[in-house]
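Here is a short set of exercises to work through with the model open beside you. Try each task before you read its solution.

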Amino acid sequence: MKKLTIEDVAQKAGVSKSTVSQFLNKRFKYMSEATKNRIAEVIEELNYQPNGLARSLKQNRTHMVGIIVANIDYSLSVQCIRAIENELQRHGIQVIICNSDENADKENTHVEALVARQVDGLIIFPAGDNPSPYSRLIEAEYPLVFMDRLVEGITTQSLLLDNEMAVKTAIKELTGKGHEAIAILSLPLGEHAITPARSG
């Protein structure tokens with residue numbers, strides 16, 4: 001069966017290939033509502049699927065984002081991934097999820113693989129404390145966001161929980177219910193302590 005092309009859609013809709021391309025890229029500024037509706041009808045009628053690779057090459061975008069979690073077993077990681085994926089999918093962006101198992105070398109391998117696949121950006125729950133791999137991404141102007149953790153010496157977009165406020169809220173809740181002997185358990189505050197442990 002012959003694969004449908006943008007030319008087939010244009011011919012059936014009675015418009016130019018350029019107009020169909022504008023429609024697919026959601027650029028409706030100079031398009032009448034009738035033309036827009038006609039193209040949408042033809043695409044649905046023919047069940048046309050745009051060539052994602054060709055569009056990526058033309059736009060220099062893959063519409064994919066890599067998410068590297070330090071530990072996929074953490075409930076916070078799962079909740080964050082779900083929220084990120086839902087939001088990105090609303091904008092037509094797919095996600096590739098990788099798990100580093102709190103291993104900086106494994107994380108670096110994932111970074112290399114995702115960059116090789118030309119994802120549009122990376123969201124990382126950093127497992128490492130060596131700034132070099134992250135510095136290389138920033139120097140290459142690669143979109144990078146840190147989640148839940150910071151890396152000393154690296155300045156990039158970061159989304160963190162206010163751990164101090166979270167502890168105060170928990171203590172207030174417990175004391176409000178009459179508890180007096182309250183303890184907090186944390187990961188070791190050693191040389192490689194992660195941000196939530198240091199700031200809690």
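Buried means under 20% relative accessible area, exposed over 50%, and partly exposed in between (1.4 Å probe, protein chains only). Helices (H or I, at least four residues) and strands (E, at least two) are DSSP runs, numbered from the N terminus. This is a predicted model, where local features need pLDDT of at least 70, side-chain atom pairs count only at pLDDT 80 or more, and totals for chains, interfaces and linings use all residues. Residues are numbered from 1 along each chain as its sequence is written, and side-chain values use heavy atoms, with hydrogens and water left out.

**Exercise 1.** Find the buried residues of helix α1 (residues 6-13) and say which helices they pack against.

Solution. Start with accessibility: in α1, Asp8, Val9, Ala10 and Ala13 are buried. Next, look at their surroundings: these buried residues pack against α2 (17-24) and α3. Finally, step just past the end of α1, where Gly14 has a positive phi of about 70°.

**Exercise 2.** Take Val42 and work out where it sits and what it touches.

Solution. First, place the residue: Val42 belongs to helix α3 (residues 33-46). Second, check its accessibility: Val42 counts as buried because its relative accessible area is 0%. Third, list the contacts (heavy atoms within 4.5 Å). Leaving aside neighbours within four places in sequence, Val42 touches Val9, Lys12 and Ala13. As a last step, compare sequence with space: Val42 and Asp8 are 34 residues apart in sequence, while their C-alpha atoms are 9.5 Å apart.

**Exercise 3.** Is Ser77 buried or exposed, and what is it in contact with?

Solution. Ser77 lies in helix α5 (residues 75-90). Its relative accessibility is 3%, so Ser77 is buried. Beyond its neighbours within four places in sequence, Ser77 is in contact with Val69, Asn71, Ile72 and Phe125.

**Exercise 4.** Describe the surroundings of strand β3 (residues 121-124) and its pairing with other strands.

Solution. Begin with the two faces: Gly121 and Ile123 on one side, and Leu122 and Ile124 on the other, are all buried, which leaves both faces of β3 covered. Then turn to pairing, which requires DSSP to find at least two bridges between two strands. Strand β1 (residues 64-69) pairs with β3 in the parallel sense over four bridges, and Ile67 stands opposite Ile123. β3 and β4 also run parallel, joined by three bridges, with Leu144 in β4 as the bridge partner of Leu122. To finish, follow the connection: β3, helix α7 (residues 132-139) and β4 form a right-handed β-α-β unit. Right-handed here means that, with the strands pointing away from the viewer, the path from the first strand over the helix to the second runs clockwise.

**Exercise 5.** Compare the settings of Asn47 and Asp148, both of which deserve a look at phi.

Solution. Keep the background in mind: most residues other than glycine have a negative phi. Asn47 has a positive phi, near 55°. Asn47 sits in the loop between α3 and α4 (52-59) and is exposed, because its relative accessibility is 56%. Asp148 also has a positive phi, near 70°. The loop between β4 (144-147) and β5 (157-159) holds Asp148, which is buried because its relative accessible area is 15%.

**Exercise 6.** How many disulfides does the structure hold?

Solution. Apply the criterion, a pair of cysteine sulfur atoms within 2.5 Å. The count is zero. For accessibility, Cys80 is buried because its value is 16%, and Cys98 is buried because its value is 12%.
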